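Subject: Structure handover

Hello,

Here is the structure you are taking over. Please look at it first, then read the notes below.

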Amino acid sequence: MKRLFKSYLWMVLLGSLAWASCSDKEVGGRVGGSFDPSQPIVISDFYPDSGGIATPMIITGKNFGTDTTGLSLWYVDEDGGRHRGGLVSSNGEKLYCYVPAGLTYKRNIKLEVTRANGTDTIKGTGERNFKYITQTAVTTIVGTQTNAAHATKADKLLTTNLSAPAYLCIDNDNNIFVVQHKFQDGLTAYGTNCNIDCRNEKNQDIAGMVLKADLKKDEVSILQESPYKINAPAYSTLDGYEGVYVPDDGGRTYYSLLKDQGYAVHKQQFINPNGYSDLDQSNWKYCFVINKNDQMIYSVMFKGQLIRINPKTRKAELLLKRVGKDGPKGAGGSDAFCTFSPTQPNRLFISFTDAHQIWYVDVDQLSDKDSLTYAGEPYAGIASFGTVNVTEGKGWEDGALKNAKFCFPRQMTFTKDGKLYIADSGNQCIRMIDTTQGKNARVTTPIGVPQSAGFQDGGVELAKFNWPTGVAVSADGSTVYVADSKNQVIRELSIK
């Protein structure tokens with residue numbers, strides 16, 4: 001539909017150009033007026049007022065001139081970045097053009113028209129902004145799609161066989177680290193059972209694995225095979241400790257895979273905080289995340305404790321005894337997945353999978369909080385605001401943060417512009433929140449068909465997922481990768 005609309009719009013614009021050219025030739029032999037260097041360039045209006053890459057546009061104004069030599073159109077983003085627009089033609093009062101690539105992150109765009117005049121440049125600027133609209137498409141980049149249980153086989157990217165890809169992290173070289181995880185939760189959402197077998201190269205049923213997908217070398221390698229379930233990893237750039245940190249499902253155990261040691265696996269344990277020797281009893285950690293300011297490892301455990309681990313000393317600190325609200329598993333228990341905002345680097349966002357909610361904690365503002373009673377701040381999901389209970393809050397609904405619904409949201413990640421992407425596993429789709437919009441932020445579904453499991457690459461009208469559980473962003477913060485668990489592949493979101 002989008003391609004048909006753009007084709008139709010181009011036909012309309014080209015028809016307008018032909019009509020305008022004929023009409024203007026009747027005015028003193030001038031086509032809309034030749035460029036007059038003594039007069040300013042004026043942008044009075046443009047159409048359409050929003051669009052994505054390659055959207056055709058008409059810009060109206062004065063003193064553009066008909067000769068396009070030296071004439072330029074610029075799309076200027078919020079940071080002052082200048083992107084040259086695609087200029088098709090000019091009749092002096094109308095420019096026919098299209099939206100360039102490269103505007104992904106800054107949606108409020110100023111339009112400028114410039115013309116070189118000897119050593120000088122004359123510029124005209126529009127009074128209102130063009131709204132850039134991001135477009136998203138899905139491509140499979142690792143694995144061969146199937147939903148049948150099978151052995152893991154490491155090979156080239158697209159001939160590798162994954163058995164249970166669940167969670168992701170990415171290093172500074174854009175290697176994708178894939179944690180495979182055996183799901184036995186018995187959860188069912190909209191007819192999809194999430195039980196997934198994790199199998200090693202010998203086709204033996206195991207609990208977890210860590211693999212590395214090298215996108216440059218087009219190869220996948222197995223780094224670790226674990227008899228225990230392992231969860232969402234994090235990548236640290238801490239000098240001397242740079243590498244991948246993978247939480248074990250239970251207790252205090254975790255694994256460090258340091259880069260300068262070729263990502264060899266080291267089993268470690270964090271040291272319980274003072275006064276909490278039983279913290280790890282009947283408790284689990286589902287996600288690690290690194291705060292780039294202090295380079296510490298953060299995690300929210302199953303029973304709700306927010307902890308911070310020093311990777312050098314392995315000592316853990318209890319920051320809050322209970323984050324969030326009571327979940328359906330008793331004692332506030334819930335799987336929890338965390339990520340830090342790039343625009344507010346000390347703001348930790350937490351998805352509570354079993355409670356279908358998202359909360360946040362400003363970890364640099366806890367000195368005046370009671371660590372025993374302060375629970376953080378509700379952010380998204382109708383149940384988190386007390387409007388309905390957890391069961392009623394489960395589902396799919398886009399819109400205002402206080403009205404939105406999720407269904408087993410899991411790993412989250414940020415693009416560098418402050419957009420939060422969420423693997424909404426039970427809804428079979430990827431959700432997004434532009435956190436820079438403050439109270440006006442909304443929950444949207446940029447890709448995937450809500451509550452409809454399947455497998456299909458392509459754009460928003462076509463793409464389908466089957467129990468997506470993991471997401472991670474590339475080193476430059478621009479590309480989102482998805483662990484599509486029941487399809488047993490890694491997908492890439494092309495955001496333009």
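A residue is called buried under 20% relative accessible area, exposed over 50%, and partly exposed in between. Arg-314, with a relative accessible area of 31%, is therefore partly exposed. Please keep in mind throughout that this is a predicted model.

Overall picture

The protein chain contains two helices and 40 strands. Along the principal axes, its C-alpha atoms fill a box of roughly 90 × 55 × 45 Å. The chain has 496 residues, and 55% of them count as buried. Its accessible surface is about 20800 Å², with carbon and sulfur atoms supplying 47% of that. Among the contacts with a separation of 6 or more, 54% are between residues 24 or more positions apart. As for charge, the chain carries 54 positive and 52 negative charges, and the mean positions of the two sets are 2 Å apart.

Sheet β1-β3-β7-β6

This is an open sheet of four strands, in the order β1-β3-β7-β6, and the pairing is antiparallel. Strands β1 (42-47) and β6 are at the edges; each has a single partner strand, so one side of each has no neighbour in the sheet. On average, neighbouring strands here are turned by 25 degrees against each other, direction ignored.

Within this sheet, β6 (residues 86-90) and β7 (residues 92-98) are paired antiparallel over four bridges. Gly-86 is opposite Tyr-98 in β7. The link from β6 to β7 is a hairpin through one residue.

There is also a cis peptide bond to look at, between Tyr-47 and Pro-48, with omega at about -5 degrees. Pro-48 belongs to the loop between β1 and β2 (50-51).

Sheet β20-β21-β22-β23

Another open sheet consists of four strands in the order β20-β21-β22-β23, again with antiparallel pairing. Which strands stand at the edges? They are β20 (234-236) and β23 (264-269), and because each has a single partner strand, one side of each is left without a neighbour in the sheet. From one strand to the next, the twist averages 30 degrees.

Strand β22 (residues 253-258) and β23 run antiparallel and are joined by six bridges. One of the residues involved is Thr-253, whose bridge partner in β23 is Gln-269.

Two buried isoleucines

Ile-490 is in strand β40 (residues 489-495). It counts as buried because its relative accessibility is 0%. Leaving aside residues up to four places away in sequence, Ile-490 touches a set of residues that includes Thr-139, Ile-141, Leu-162, Val-178 and Tyr-481. Arg-115 is elsewhere: the C-alpha atoms of Ile-490 and Arg-115 are separated by 47 Å, with their positions 375 residues apart along the chain.

Ile-447 sits in strand β36 (residues 442-447). With a relative accessible area of 1%, Ile-447 is buried. Its contacts, again not counting residues up to four places away in sequence, include Ala-137, Cys-429, Gly-458, Phe-465 and Leu-493. From Ile-447 to Ser-38 the C-alpha distance is 50 Å, and the two are 409 residues apart in sequence.

Residues in loops

Is Thr-373 buried or exposed? Thr-373 has a relative accessible area of 56%, so it is exposed. It lies in the loop between β30 (357-362) and β31 (377-380). Thr-373 and Val-323 are 50 residues apart in sequence, and their C-alpha atoms are 8.9 Å apart in space.

Two further loop residues have a positive phi without being glycine. For Asn-203, phi is near 65 degrees. Asn-203 is placed in the loop between β16 (198-199) and β17 (205-206), and at 38% relative accessibility it counts as partly exposed. For Arg-314, the residue mentioned at the start, phi is about 70 degrees, although Arg-314 is not a glycine. The loop that holds Arg-314 runs between β26 (306-309) and β27 (316-320).

Regards

How values were computed. Residues numbered from 1 in each chain as written. Predicted model: local features only at pLDDT ≥ 70, side-chain atom pairs only at ≥ 80, totals over all residues. Heavy atoms only, no water. Buried < 20%, exposed > 50% of the residue type's maximum accessible area, 1.4 Å probe, protein only. Contact = heavy atoms within 4.5 Å. Areas by Shrake-Rupley, 256 points an atom, 1.4 Å probe, with all protein chains shown as cover. Lys, Arg positive; Asp, Glu negative; His and termini not counted. Charge placed at Lys NZ, Arg CZ, Asp CG, Glu CD. Pairing = 2+ DSSP bridges. Axes fitted to C-alpha atoms, helices over the stretch in contact; angles between N-to-C directions.
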